[in-house]
Amino acid sequence: NPSKAALYRQSANYTLASGNHLEKGMEWINKAISLKEEFRSYWVKTQILAKQNNFTEAIIAAGKTQELGKNDKDYDDYRANVEKALKDYKEKSEKK
């Protein structure tokens, strides 16, 4: 059910924006992904992982964002941010 997935994604995105309850946000975004795999959900997951300093997993999630986004016309609005974040996360993961 896509509408339920969107609701979970929005809830997770709120935790990302506020910087609070990221563990709960991760739970919600994983639930959204289990209901419907789409690039937007993986992008939220990517950012939550990065905020938790888990750059290795963020890189994997960003790759999935790109993979799912390549066939979605809306992805063009996200592409530059995803590519910039991916480059940043790779640099940060190498410094660990």
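These legends accompany an overview and several close-up views of a predicted model.

**Figure 1. Overall fold of the predicted protein, a chain with five helices and zero strands.**
Read along the sequence, the pattern is α-α-α-α-α. The radius of gyration is 13 Å, close to the 12 Å that the globule rule gives for 96 residues, so the protein is as compact as a globular protein of that length. Along the principal axes, the C-alpha atoms fill a box of roughly 40 × 30 × 20 Å. Of the 96 residues, 35% are buried. Among contacts with a separation of 6 or more, 55% join residues 24 or more positions apart.

**Figure 2. Surface and charge of the protein.**
The exposed area is about 5900 Å². Carbon and sulfur atoms supply 46% of that area. The protein carries 18 positive and 14 negative charges. The mean positions of these two sets are 3 Å apart.

**Figure 3. Close-up of the aromatic pair Phe-39 and Tyr-78.**
The structure holds three aromatic pairs. Phe-39 and Tyr-78 form an edge-to-face pair, with 4.9 Å centre to centre and 80 degrees between the planes. Phe-39 lies in helix α3 (residues 39-51), and Tyr-78 in the loop between α4 (55-69) and α5 (79-95), so the pair ties together parts that are 39 residues apart in sequence. Phe-39 is buried, at a relative accessible area of 1%. Tyr-78 is partly exposed, with 26% relative accessibility. Tyr-75 belongs to the picture too: Phe-39, Tyr-75 and Tyr-78 form one aromatic cluster.

**Figure 4. Close-up of the aromatic pair Phe-55 and Tyr-89.**
This pair is tilted. The ring centres of Phe-55 and Tyr-89 are 5.9 Å apart, with 35 degrees between the planes. Phe-55 sits in helix α4 and Tyr-89 in helix α5, so the pair ties together parts that are 34 residues apart in sequence. Both residues, Phe-55 and Tyr-89, are buried.

**Figure 5. Close-up of Glu-38, in the loop between α2 (22-35) and α3.**
Glu-38 has a relative accessibility of 13% and so counts as buried; the cut-off for this class is under 20%. Neighbours within four places in sequence are left aside here. Beyond those neighbours, Glu-38 is in contact with Arg-9 and Leu-68.

**Figure 6. Close-up of His-21, in the loop between α1 (2-18) and α2.**
The backbone is the point of this view. Phi of His-21 is near 55 degrees, a positive value in a residue other than glycine. Most residues other than glycine have a negative phi. His-21 is exposed, at a relative accessible area of 61%.

**Figure 7. Close-up of Asn-53, in the loop between α3 and α4.**
Asn-53 also has a positive phi, near 60 degrees, and is a residue other than glycine. Its relative accessible area is 44%, so Asn-53 counts as partly exposed. The class lies between the 20% and 50% cut-offs.

How values were computed: Residues are numbered from 1 along each chain as its sequence is written. This is a predicted model: local features need pLDDT of at least 70, side-chain atom pairs count only at pLDDT 80 or more; totals for chains, interfaces and linings use all residues. Side-chain values use heavy atoms; hydrogens and water are left out. Helices (H or I, at least four residues) and strands (E, at least two) are DSSP runs, numbered from the N terminus. The radius of gyration is taken over C-alpha atoms; the globule rule is 2.2 Å times the number of residues to the power 0.38. Buried means under 20% relative accessible area, exposed over 50%, partly exposed in between (1.4 Å probe, protein chains only). Contact means heavy atoms within 4.5 Å. Accessible areas come from the Shrake-Rupley method with a 1.4 Å probe; for residues, only the protein chains shown count as cover. Lys and Arg count as positive and Asp and Glu as negative; His and the chain ends are not counted. The place of a charge is taken as NZ of Lys, CZ of Arg, CG of Asp or CD of Glu. Rings of Phe, Tyr and Trp (its six-membered ring) pair if their centres lie within 6.5 Å; planes under 30 degrees apart count as stacked, over 60 as edge-to-face and the rest as tilted.
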